[in-house]
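Me: Got a minute to walk through this one with me? I'd like to start with the helices and then jump around a bit.

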Amino acid sequence: MAEVVDVNKPLFAGLSDVSIAEDIPVEGDIAVPVRSQSGDDEISTLDEPVKDTILRDLKAVGQKFVHVLYPKKSSALLRDWDLWGPLLLCVTLALMLQGGSADSKDDGGPQFAEVFVIVWFGSIIITLNSKLLGGTISFFQSLCVLGYCILPLTVAMLVCRLVLLGSMEVGGFIIRLVVVTASFGWSTFASTAFLADSQPPNRKALVVYPVFLFYFVISWMILTFSPSH
């Protein structure tokens, strides 16, 4: 005979009579996991004084300048990229190129803008070339490396301005040629050293070629610069 089920009876009504014997140990605890604050304290700078933030950023920029002055195979500029150093170097180089005889009528406007256009456009070309060859570098990483490696050329521009203050003609040109050539090689070598790990091993020569052209154009602008009278 089939058992008749009372539909009006609650489904779990009998669970209230279930009890746990006192001699059965109940072990374990339930705890809400608390997120560690140490990692957030290292990353978050919302509560950091402005002075400390500026000093930390300046220290990071200075360390990248040291990496460029002593280039070696490293991913420091790619890993901790920033645009403060490239911006500072571009502005400095553009200001020193301002007032040349080629743009004396326009008060240095074109050459001031040319530096920024060359850096940005060159970074786009080099990044696209690297991507097409199978590289793993991003646009801002490329801009960071290329911008920081302008440091030797910026120093060369400063030396050329000082040489042009004298009255030397042939001797002054030879000094400028040697300084710009050395700085050109220094910038090219430093940038390729930083970009080495992000390029395919069998295609590095194809990646170096646009970098070579990039710094050659800037070097030519510095070498052919002559102050307006």
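**Helix packing and buried residues**

Reply: Sure. In this predicted model, the buried residues of H6 are Gln141, Ser142, Leu143, Cys144, Val145, Leu146, Gly147 and Tyr148. That is eight of the 10 residues in H6, so the helix is mostly covered.

Me: What's the overall fold made of, helices or strands?

Reply: The chain has nine helices and zero strands. Along the sequence the pattern reads α-α-α-α-α-α-α-α-α.

Me: And how much of the chain is buried?

Reply: Of its 229 residues, 33% count as buried. As for contacts with a separation of 6 or more, 75% of them join residues 24 or more positions apart.

Me: Back to H6. At what angle does it pack with H4?

Reply: About 45°, with the axes of H4 (residues 84-97) and H6 (residues 139-148) 8 Å apart. The two helices are therefore oblique to each other, as the angle is neither under 35 degrees nor in the 65 to 115 range. Their crossing is left-handed.

Me: Which residues make that contact?

Reply: H4 brings Gly85, Pro86 and Leu89, while H6 brings Leu143, Cys144, Gly147 and Tyr148. By class, that contact has five nonpolar, two polar and no charged residues.

Me: I see a cysteine in there. How many disulfides are there?

Reply: The count comes to zero. Cysteine 144 is in no disulfide, and the nearest cysteine sulfur, on cysteine 149, is 8.7 Å away. A pair would have to be within 2.5 Å to count.

Me: Is cysteine 144 buried or exposed?

Reply: Buried, because its relative accessible area is 0% and the cut-off is under 20%. Cysteine 90 is buried too, with a relative accessible area of 5%.

Me: New topic: threonine 127. Where does that one lie?

Reply: Threonine 127 is in helix H5 (residues 109-132). It counts as buried, at 7% relative accessibility.

Me: What does threonine 127 touch?

Reply: Not counting residues up to four places away in sequence, threonine 127 touches Ile137, Ser138, Phe139 and Ser142. Ser142 is also one of the buried residues of H6.

Me: OK, over to the other end. How do H8 and H9 cross?

Reply: The axes of H8 (residues 170-195) and H9 come within 10 Å and cross at roughly 155°. That is over 145, so H8 is roughly antiparallel to H9. H8 passes H9 in a right-handed crossing.

Me: Which residues are in that contact?

Reply: From H8, they include Phe173, Arg176, Leu177, Val180 and Phe184. From H9, they include Val208, Val211, Phe212, Tyr215 and Ile222. The contact divides into 12 nonpolar, five polar and one charged residue.

Me: Tell me about isoleucine 222, then. Buried or exposed?

Reply: Buried, at 1% relative accessibility. Isoleucine 222 has its place in helix H9 (residues 204-223).

Me: What is isoleucine 222 in contact with?

Reply: Leaving aside neighbours within four places in sequence, isoleucine 222 is in contact with Leu93, Leu97, Leu153, Ala156, Met157, Cys160, Arg176 and Val180. Arg176 and Val180 are among the H8 residues in the contact with H9.

Me: How far is isoleucine 222 from cysteine 160?

Reply: They are 62 residues apart in sequence and 7.8 Å apart in space, C-alpha to C-alpha.

Definitions and conventions
Residues numbered from 1 in each chain as written. Predicted model: local features only at pLDDT ≥ 70, side-chain atom pairs only at ≥ 80, totals over all residues. Heavy atoms only, no water. Axes fitted to C-alpha atoms, helices over the stretch in contact; angles between N-to-C directions. Helix = DSSP H or I, 4+ residues; strand = E, 2+ residues; numbered from the N terminus. Left-handed = near helix turned anticlockwise from the far one by under 90°. Contact = heavy atoms within 4.5 Å. Nonpolar A, V, L, I, M, F, W, Y, C, P; charged D, E, K, R; others polar. Buried < 20%, exposed > 50% of the residue type's maximum accessible area, 1.4 Å probe, protein only.
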